[in-house]
Amino acid sequence: MTIIWGLLIILGVALIVWGAEAFAEHLGAAAVRLHVSSFALALLLAGAEPEELATAVAASLKEVPAIAFGDVVGANIAICLVALGVGAWIAPLPFSKRVMAYALVGVPIAVIATGFIWNGEISRLEGLFLIGLYVLYVAIIWRVERRPPALGETAELEEALEEFATEQANGMRQRVSQELCVVVAGVLAMVAGSILIVEAVRQISQIETTQIKLALSLVGFATAFELVILAWSTARRGVTEAAVAGVVGSFTYNVTMTLGVAAIARPLNIVDASLLHVPLIVMLGAFALVIALASCKGYLHRGASVVLLSAYPLVLMRLLAEN
């Protein structure tokens, strides 16, 4: 049975990766054509990690909060060390002043969110507060820059707006219909995949410690895999700022919006909060390490890539060795 559930995890990962890609690629175009407000669209797309969100909500509803917590922390560690490590190996990843500002503003927000997670409990009210932190994050950047933040998929907004401006009015309805169908299919795939992963981990072990370890390693890496592919592909195309902005936005999104929505679905509460303490410190440390390496030369180079990629297996071994 363990092998069967393991195969279902692989299937779940495949569904989540495809669904996340379809959702992110077509949501911007569909929303622009439906005249969704710019601010709402920025909140949807700025660092949006629907795969982590779907997995955390599924874990919350199935009353396995250990998976929700572990997935968010594990995914954030993976995107910092693996996604940026892979991208920096392919091509230098510049931390422009704009992206560095995103990261530095995200640090105190991540620390505040970690404080909420520290005791292993997030109520619905605290979940609303975390969501509010993310809204504040996007709003601050927007106010300072006087335009939507270039976090992750928001880079596609300008392209969607340009396409919309050149479309003929008689073809608009058909295009909206096509875009919405793909978005809905992506959401359904992510929901199905997240349910499969959560149920498989729950069936493999009912022990909270094991669930957190599996979520930190297997589930966290699986839900972060799409961002690893994004960093690899954008670095190959030379669109390196998009990869960096995507990671920065996703990191902040996960510890605020993802856990906030999961807590609203059902309050999160694990028995032994100490199981999260070392992983949370590692998560913040991974983010700080990225900022420190980027600050030295203004970009992440191959030397930094070696440091980041070498750190990931060491971190996993340390976390999995925790009792």
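**Exercise 1. Find Ser194 in the fold, decide whether it is buried or exposed, and list what it touches.**

Solution. Start with the address: Ser194 sits in helix α8, which covers residues 169-204. One thing to keep in mind as you work is that this is a predicted model. Next, check the accessibility. Ser194 has a relative accessible area of 1%, so it counts as buried, the limit being under 20%. Now look for company from elsewhere in the chain. Skipping the neighbours within four places in sequence, Ser194 is in contact with Ile16, Ala54, Thr55 and Ala58. Finish with a distance: the C-alpha atoms of Ser194 and Leu53 are 9.2 Å apart, although their positions lie 141 residues apart along the chain.

**Exercise 2. Work out how α4 and α11 are arranged, and which residues meet between them.**

Solution. First take the axes. Those of α4 and helix α11 (residues 277-297) come within 9 Å and cross at roughly 25°. Angles under 35 degrees count as roughly parallel, so α4 is roughly parallel to α11. The hand of this crossing of α4 and α11 is left-handed.

Then go to the residues. From α4 come Val73, Asn76, Ile77, Cys80, Leu81 and Leu84. From α11 they are met by Pro279, Leu280, Val282, Met283, Ala286, Phe287, Leu289 and Val290. Sorted by class, the contact of α4 with α11 has 13 nonpolar residues, 1 polar and no charged ones.

**Exercise 3. Compare Cys80 with Cys296: which is buried and which is exposed? Then say how many disulfides the structure holds.**

Solution. Cys80 has 0% relative accessibility, so it is buried. Cys296 has a relative accessible area of 64%, so it is exposed, the limit there being over 50%. As for the count, the structure holds 0 disulfides.

**Exercise 4. What is unusual about the backbone of Glu63, and where does this residue lie?**

Solution. Recall the background first: most residues other than glycine have a negative phi. Glu63 is not a glycine, yet its phi is positive, at about 60°. Now place it: Glu63 is in the loop between α3 (50-61) and α4 (65-90). Last, the surface: Glu63 has 55% relative accessibility, so it counts as exposed.

**Exercise 5. Locate Ser217 and Ala321, and tell which is buried and which is exposed.**

Solution. Take Ser217 first. Its home is helix α9, residues 208-237. With a relative accessible area of 15%, Ser217 is buried. Leaving out neighbours within four places in sequence, Ser217 is in contact with Tyr312, Leu316 and Leu320.

Now Ala321. This residue is in the segment after α12 (302-320). Its relative accessible area is 55%, so Ala321 is exposed. For a long-range pairing, try Lys213: the C-alpha atoms of Ala321 and Lys213 are separated by 9.1 Å, with the two residues 108 apart along the chain.

**Exercise 6. Zoom out: how many helices and strands does the chain have, what share of its residues is buried, and what share of contacts is long-range?**

Solution. Count the elements: the chain has 12 helices and 4 strands. Next, burial: 52% of the 323 residues count as buried. Finally, take the contacts between residues at least 6 apart in sequence. Of these, 87% join residues at least 24 apart.

Conventions:
Residues are numbered from 1 along each chain as its sequence is written. This is a predicted model: local features need pLDDT of at least 70, side-chain atom pairs count only at pLDDT 80 or more; totals for chains, interfaces and linings use all residues. Side-chain values use heavy atoms; hydrogens and water are left out. A disulfide is a pair of cysteine sulfur atoms within 2.5 Å. Buried means under 20% relative accessible area, exposed over 50%, partly exposed in between (1.4 Å probe, protein chains only). Helices (H or I, at least four residues) and strands (E, at least two) are DSSP runs, numbered from the N terminus. Axes are lines fitted to C-alpha atoms, for helices over the stretch in contact, and angles run from 0 to 180 degrees between N-to-C directions. Angles under 35 degrees count as roughly parallel, over 145 as roughly antiparallel, 65 to 115 as roughly perpendicular and the rest as oblique. A crossing is left-handed if the near helix is turned anticlockwise from the far one by less than a right angle, and right-handed if clockwise. Contact means heavy atoms within 4.5 Å. Ala, Val, Leu, Ile, Met, Phe, Trp, Tyr, Cys and Pro count as nonpolar, Asp, Glu, Lys and Arg as charged, and the others, Gly among them, as polar.
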